[in-house]
Amino acid sequence: MGSWQHSVENYGCFLAADAGHDEAWAVLLGVPMDYTVSYRPGSRFGPQAIRAASVVLEEYSPALDRALEDCRICDLGDLVLPFGNVEKALAIVEQAAGRLFADGKLAGFLGGEHLVSLPLIRAAHTHYPDLAVLHFDAHADLREHYLGESLSHATVMRKVAGVVEPRRVYQLGIRSGTRGEWAFARAETRLLEGDIVAALAAVLPEIAGIPVYVSIDIDVVDPAFAPGTGTPEPGGCTSAELLRAVLMMKELNVVGFDVVEVCPATDQSERTAILAAKVVRELLCGSVARKDR
């Protein structure tokens, strides 16, 4: 793993991710943490499930005319995190992510609960001060506290809005939250209600050229298409609509991304993990399409 110094466990390799760290264009890292989940636990096993499901896919993306073999991907495995110690775990995640951004890699992260996005975005913002965040989710995640805790998967985007300027947090697919969260989103963040494809198309021109971090909570997708998640919420987009939005991101300067909240124990069919793996494939191939332009 070359100069990589963080403690990791390898549970397998994402499809075609066989490059070494130093020569890789893109690096994947699992963040197996689900310490603050409020309904169904098990997203700590998401990174393993996404990797295992990736083998059902082809390396080639016909929509992008690029293949994973063009990407030079390194899969570092999963970070070793202390069970139950939220603050220490988040500090480890931020330090590891910071190393990847400092190395100039396209950094992709496999969750894990959504709280892991906070240290990942902090690390990205350190290296890209003008960062914008695209947040795909069923839930606003804008509470100040949840069950007395300020660090929670339900508070993560409120925390992120204190890292980047709130108007640089673009929220898509949101259909659940408290009255206070909706009021905050409509007043402070860029809440893009309605169809995610149309909403993303409308804002692409204003975020073109600036560094973008993409955070995809798999529950943005309707549970009919992605039942394997901890807090399913009816009324979401289809898997095809999410993939269409991801393909549109080839026009953006994506510097990092995460796919979180895959909970394999609640989906015997594995279709949630397969969808997550395809999202990762398209994000990686889209980065090569940008580089080749």
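These legends accompany three close-up views of helices in a predicted model. Local features rest on pLDDT of at least 70 and side-chain atom pairs on pLDDT 80 or more, while totals for chains, interfaces and linings use all residues. Residues are numbered from 1 along each chain as its sequence is written, and side-chain values use heavy atoms, with hydrogens and water left out.

**View A. The two sides of helix α5 (residues 179–187).** Helices (H or I, at least four residues) and strands (E, at least two) are DSSP runs, numbered from the N terminus. Glu181, Trp182, Phe184 and Ala185 are the buried residues of α5, and because they fall within an arc of 160 degrees when seen down the helix axis, they line one face; the arc is that of the directions from the helix axis to the C-beta atoms. On the other side, Arg179, Arg186 and Ala187 are exposed. Buried means under 20% relative accessible area, exposed over 50%, and partly exposed in between (1.4 Å probe, protein chains only). The buried residues pack against α4 (156–160), β8 (169–172) and β9 (190–192), where contact means heavy atoms within 4.5 Å.

**View B. Helix α6 (residues 196–207) beside helix α7 (residues 239–248).** Their axes, which are lines fitted to C-alpha atoms, for helices over the stretch in contact, come within 9 Å and cross at roughly 15 degrees, with angles running from 0 to 180 degrees between N-to-C directions. The contact is made by Ile196, Val197, Leu200, Ala201 and Leu204 of α6 and by Glu241, Leu242, Arg244, Ala245 and Met248 of α7.

**View C. Helix α2 (residues 86–102) packed with helix α3 (residues 117–127).** The angle is about 35 degrees, and the axes lie 8 Å apart. Among the residues making the contact are Leu90 and Phe101 of α2 and Leu120 and His127 of α3.
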